[in-house]
Amino acid sequence: MAKQISDLKLGILGGGQLGRMMIQEGINYNLCTHVLDPDPDAPCKNLANVFVCGSIDDYDTVYNFGKSVDIITIEIEKVNIDALEQLEKEGKIVYPQPRVIRLIQDKGIQKQFFKENEIPTAPFQIISNKTELATSRFSLPYIMKLRKDGYDGKGVMKISTPEDFNHAFDKPSLIEELIDFEKEIAVIVARNPNGEIKTFPMVEMEFNKEANLVEFLISPSTYLEDIQAKAEKIAMDIAVALNITGILAVEMFVTKTGELLVNELAPRPHNSGHQSIEGNVVSQFAQHLRAIFNLPLGDTSCLNHAVMINVLGEKNHEGIAVYEGLNEVLKMDGVYLHLYGKKFTKPFRKMGHITIVDQQREKAILKAREVQKILKVIS
Ligand SMILES: Nc1ncnc2c1ncn2[C@@H]1O[C@H](COP(=O)(O)OP(=O)(O)O)[C@@H](O)[C@H]1O
Ligand SMILES: [Mg+2]
């Protein structure tokens, strides 16, 4: 008899909150999880069946970890791909496939992939260092992005004047037309090895400009059906073109003229899908597990309106985390708390998230604003 999900050991590279929520779902499937993370106090530490403290970037560490499990997945893209490719060559199952992670790790290659596959995206130019800014064909202002290792806005800057060239990134980068978008939206799509494919309903995101993080996420979107269908079609086209197994988050901009432009991809569970735990029939984490274990994909429909807010460390607070206002927030109906188990807080660190569900969108939004005012992570 073929091995079932409950007979297999899943290895997760990265032991942060995404891995943690994957394990929470995995428990329902009787799944055995092994986690590799360099932080001895990583959020997954006390949840994984086996926790290995080590670098996810080091060839030997990733290779040896991979050898000890049956199937490997990621919760972060910044992993050693050479080791994953070697494991794949030796017959180990690695989902998403290492070639997909390699493509997505580099925003330059990602943008070229969009171009080659006629996926709508902002015009761009690849540059190798900041001296090339002065001769670029783009007119100011524009966006500059590191090709590699950026996250949560840390590898992104706006270049407005020639003076900005001096303190610009001095590494292989992209420059992109500055899009005056109306809204940022995301569609999560999942695909299993049988080729079964399903999207989650489109969500709307609001960014905290100062922290450059998703601050507020609203599900489902209230954009016209036509735009939502187009966004879902784009996400599916990308998943098929990549031939990915697993979940893929597709971040997009909706321009003021109703055009959709793909911003970037993440081949793993994503911050823009956390609300699916309470807001949808199947969560993004369960869907990812279904996809990589080649199980039937679940129903992605929304159960309710859901608003997700990230619980971020307060400015000017660094140290052991204290959650202020927790009792007050938990008294409210339809409020679901997720703390990630991080001992230390620092400004804007993602310490948890809260999902608010309600039958009325406006009520969920109002409640989310209230929660945001009450709950503070201080030290
Ligand atoms: N071309 C662009 N025009 C306008 N804003 C952009 C552009 N590209 C990125 N941004 C803004 O910067 C944020 C972070 O950029 P992104 O490429 O998603 O990097 P990260 O990997 O840090 O999420 C986006 O969510 C968006 O708000
Ligand atoms: Mg992004």
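**Ligand and magnesium sites**

A polar side-chain atom of Glu251 lies 3.2 Å from an oxygen atom of ligand 1. Alone, ligand 1 exposes 550 Å², of which the protein buries 91%. The model is a predicted one.

Two further contacts involve nitrogen atoms of ligand 1. The side chain of Glu176 places an N or O atom 2.8 Å from a nitrogen of the ligand. At Glu177 the contact comes from the backbone: an N or O atom there is 2.9 Å from a nitrogen atom of ligand 1.

The shell around ligand 1 comprises 19 residues. Lys145, Gly153, Glu176, Glu184 and Glu264 are the closest. By character, the shell divides into 8 nonpolar, 3 polar and 8 charged residues. Several strands contribute. At least two shell residues come from each of β7 (142-146), β9 (173-177), β10 (181-191), β14 and β15.

Glu251 also serves the magnesium ion (ligand 2), where two of the protein donors are OE atoms of Glu251. The other listed donor is an OE atom of Glu264. These donors lie 1.9 to 2.8 Å from the ion. The pair links distant parts of the chain, 13 residues apart. Glu251 belongs to strand β14 (residues 246-255), and Glu264 to strand β15 (residues 260-266).

The two glutamates fall into separate accessibility classes. Glu251 counts as buried because its relative accessibility is 10%, under the 20% cut-off. Glu264, with a relative accessible area of 21%, is partly exposed.

Terms used:
Residues are numbered from 1 along each chain as its sequence is written. Chains are lettered from A and ligands numbered from 1 in the order in which they are written. This is a predicted model: local features need pLDDT of at least 70, side-chain atom pairs count only at pLDDT 80 or more; totals for chains, interfaces and linings use all residues. Side-chain values use heavy atoms; hydrogens and water are left out. Donors are N, O and S atoms within 2.8 Å of the metal (3.2 Å for Na, K and Ca); water is not among the atoms, so sites may look incomplete. Helices (H or I, at least four residues) and strands (E, at least two) are DSSP runs, numbered from the N terminus. Buried means under 20% relative accessible area, exposed over 50%, partly exposed in between (1.4 Å probe, protein chains only). A residue is near a molecule or strand if one of its heavy atoms lies within 4 Å of it. A polar contact is a pair of N or O atoms within 3.5 Å; within protein, one must be able to donate a hydrogen and the other to accept it, and residues adjacent in sequence count only if both atoms are side-chain atoms. Accessible areas come from the Shrake-Rupley method with a 1.4 Å probe; for residues, only the protein chains shown count as cover. Ala, Val, Leu, Ile, Met, Phe, Trp, Tyr, Cys and Pro count as nonpolar, Asp, Glu, Lys and Arg as charged, and the others, Gly among them, as polar.
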